[in-house]
Amino acid sequence: MLESKAVIGETDMLQTMQTDALKFAGKALDEFEASDATAIARFIKKEFDKVYGPGWQCVVGTNFGSFVTHHFGCFISFGIGSLDILLFRVGANPEADTRRFVAVEAVKA
């Protein structure tokens, strides 16, 4: 139950997605050693891909910086124990994203 000890840094996710992120991180830490950051990241990413669709990226470690572009409502950074976890969603289908941005520009014009 490590997820109950998580400290959320930054997020724009809905509460249900935040809960899932902490739950999946807790399950990953139950299944893998804390030193196996790649396995933990893979587990969290694959679970989010299953539940929320493709395009999720996950970074797990103890000392890293980041500057990422992400979908609105699809970003969380949190710590559990000695690990920091960054989870965010990027465009899984660039063509779909391009059409969406074109439509938004057309509305502004």
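How many of the residues in the protein are buried? Buried residues make up 36% of the 109 in the chain. Keep in mind as you look around that this is a predicted model.

Let's start with the parts list. The protein has three helices and four strands, and if you walk along the sequence you meet them in the pattern β-α-α-β-β-β-α. Contacts across long stretches of sequence matter for the picture too: of the contacts in the protein with a separation of 6 or more, 56% are between residues 24 or more positions apart.

Now turn to the sheet. Its four strands are arranged in the order S1-S3-S4-S2, the sheet is open, and the pairing is antiparallel. S1 and strand S2 (56–61) sit at the edges with a single partner strand each, so one side of each has no neighbour in the sheet. From one strand to the next, the twist averages 15°.

Strand S3 (residues 75–80) is a good place to stop. Five of its six residues are buried, so S3 is largely enclosed by the rest of the structure. On one side, S3 runs antiparallel to strand S1 (residues 7–11), and four bridges join the two. If you'd like a residue pair to find on screen, look for Val7, whose bridge partner in S3 is Gly79. S3 also pairs with strand S4 (residues 83–89), again in the antiparallel sense, this time over six bridges. Here you can pick out Phe78, which stands opposite Ile85 in S4. S3 and S4 form a hairpin with two residues between the strands, and in that hairpin Gly81 takes a positive phi near 60°.

What about the helices? Helix H1 (residues 15–31) and helix H2 (residues 37–52) pack with their axes 9 Å apart, at an angle of about 140°. An angle over 145 degrees would count as roughly antiparallel, so H1 and H2 are classed as oblique to each other. Their crossing is right-handed. Plenty of side chains can be followed where the two helices meet: from H1 the residues include Met17, Ala21, Phe24 and Leu29, and from H2 they include Ile40, Phe43, Phe48 and Val51.

Both of these helices also meet the sheet. H1 lies across S1, S2, S3 and S4, and runs at about 40° to S3. H2 packs on the sheet as well, touching S2 and S4, and its direction makes about 155° with that of S2.

One residue of H1 deserves a closer look. Is Asp20 buried or exposed? Asp20, which is found in helix H1, has a relative accessible area of 14%; the cut-off for buried is under 20%, so Asp20 counts as buried. Setting aside its neighbours within four places in sequence, Asp20 is in contact with Phe48, Val51 and Tyr52. Those three residues are listed among the H2 residues that meet H1.

What about the cysteines? Cys58 counts as buried at 16% relative accessibility, and Cys74 is buried too, with a relative accessible area of 10%. As for disulfides, a search of the whole structure finds zero.

Two residues outside the helices and strands round off the tour. Lys5 lies in the segment before S1 and is exposed, with a relative accessible area of 60%. The C-alpha atom of Lys5 is 9.6 Å from that of Gly26, and the two residues are 21 residues apart along the chain. Ser66 has its place in the loop between S2 and S3, and at 47% relative accessibility Ser66 counts as partly exposed. Its C-alpha atom is separated by 8.8 Å from that of Leu86, which is 20 residues apart from Ser66 along the chain.

Technical notes. Residues numbered from 1 in each chain as written. Predicted model: local features only at pLDDT ≥ 70, side-chain atom pairs only at ≥ 80, totals over all residues. Heavy atoms only, no water. Disulfide = S-S within 2.5 Å. Buried < 20%, exposed > 50% of the residue type's maximum accessible area, 1.4 Å probe, protein only. Pairing = 2+ DSSP bridges. Axes fitted to C-alpha atoms, helices over the stretch in contact; angles between N-to-C directions. Parallel < 35°, antiparallel > 145°, perpendicular 65-115°, else oblique. Left-handed = near helix turned anticlockwise from the far one by under 90°. Contact = heavy atoms within 4.5 Å.
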